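Here are a few exercises to work through with the structure open beside you. Try each one yourself before you read the solution.

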Amino acid sequence: MEPMNISPIRAFRDNYIWVMRRGDLAVVVDPGDAQPVIRFVEENGVRLLAVLVTHHHGDHVGGLDDLGARYRMPVYGPWHEEIDGVTNPLRHGDFVDVPELELNLRVIEVPGHTRGHIAYYGANALLCGDTLFGCGCGRLFEGTPAMMLDSLQRLSALPGDANVYCAHEYTESNCRFALAVEPDNARLRERVAAVAQLRGSDIPTVPSTLEEERATNPFLRTEQPAVRRAAERFLGRRPGDEVEVFAAIRAWKNNF
Ligand code: ZN
Ligand code: FE
């Protein structure tokens, strides 16, 4: 069997539609726009076996109608969200099995960005939509800080060598914020330099690894004294628990 290849199709301003592919068989994740996917399929002579979506936002599901009309395949998505075109709703602990690709992905519910957001983990890849970003995390549109922190901790507990495939290229601006939180984090400073170089050549910074996120992403580091101190500076008082640290950092980032 050919090796698994995971590559991005760019969409809109900064979205990545991930394609998991062996030879001419593939699945796509979060097709917010059908056109670039159809172009990819035709240019590469690929057959789509399934679509996976992480949450209901238009930049992730906008292509489902056109792709569904064109190709016959199951569309997997979150049980707890109403999404037109999803044929196979998934709950925490479910698996997506695509035998033709020897692909088996575990479903992890990660509420916070949206109430029903799910992530997929398998083949050493974490497809996390808008929950975990390179050096950042998604905005809390529907969930609470406690929910999102819980979700991020769920992802953070996965093996460190997992490759993190998020749905947006936000790493560079996230890094700027992370540096304001933890100016003395040496790994973060290295990352900032590496990211600037990649972006200067228009190369994706995604995937990262979970190990790298744990070392540099402030939203996975709310237990660190330096991050707690940053939260305290922002709040002007000592935060109570880790949820409050997380909420403070998230609120600070919203207006950074
Ligand atoms: Zn979103
Ligand atoms: Fe998005």
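**Exercise 1.** Work out whether Asp-130 is buried or exposed.

*Solution.* Start with the cut-offs: buried means under 20% relative accessible area, exposed means over 50%, and partly exposed is in between (1.4 Å probe, protein chains only). Asp-130 has a relative accessible area of 3%, so Asp-130 is buried. Try His-168 next: at 4%, His-168 counts as buried too.

Some ground rules: this is a predicted model, where local features need pLDDT of at least 70 and side-chain atom pairs count only at pLDDT 80 or more, while totals for chains, interfaces and linings use all residues. Residues are numbered from 1 along each chain as its sequence is written, chains are lettered from A and ligands numbered from 1 in the order in which they are written, and side-chain values use heavy atoms, leaving out hydrogens and water.

**Exercise 2.** Find the protein donors of the iron ion (ligand 2) and describe their arrangement.

*Solution.* Donors are N, O and S atoms within 2.8 Å of the metal (3.2 Å for Na, K and Ca); water is not among the atoms, so sites may look incomplete.

1. At 2.1 to 2.3 Å from the iron ion (ligand 2) you'll find Asp-59 (OD), His-60 (NE2), Asp-130 (OD) and His-168 (NE2).
2. Along the chain, these donors follow the spacing D-H-x69-D-x37-H.
3. Asp-130 sits in the loop between strand E10 (125-129) and strand E11 (132-133), and His-168 in the loop between strand E13 (163-166) and helix H5 (171-181), so this pair ties together parts 38 residues apart in sequence. Helices (H or I, at least four residues) and strands (E, at least two) are DSSP runs, numbered from the N terminus.
4. The 4 donor atoms subtend angles of 83 to 167 degrees, which makes the arrangement irregular. Four donors count as tetrahedral if all angles lie between 85 and 135 degrees; four count as square planar and six as octahedral if opposite donors are over 155 degrees apart and all others between 65 and 115; anything else is irregular.

**Exercise 3.** Which residues coordinate the zinc ion (ligand 1), and which residue coordinates both metals?

*Solution.*

1. His-55 (NE2), His-57 (ND1), His-113 (NE2) and Asp-130 (OD) coordinate the zinc ion (ligand 1) at 2.1 to 2.3 Å.
2. The shared residue is Asp-130, and the two ions are 3.2 Å apart.
3. The zinc site is irregular as well, with angles of 84 to 172 degrees among its 4 donor atoms.
4. As for accessibility, His-57 and His-113 are both buried.
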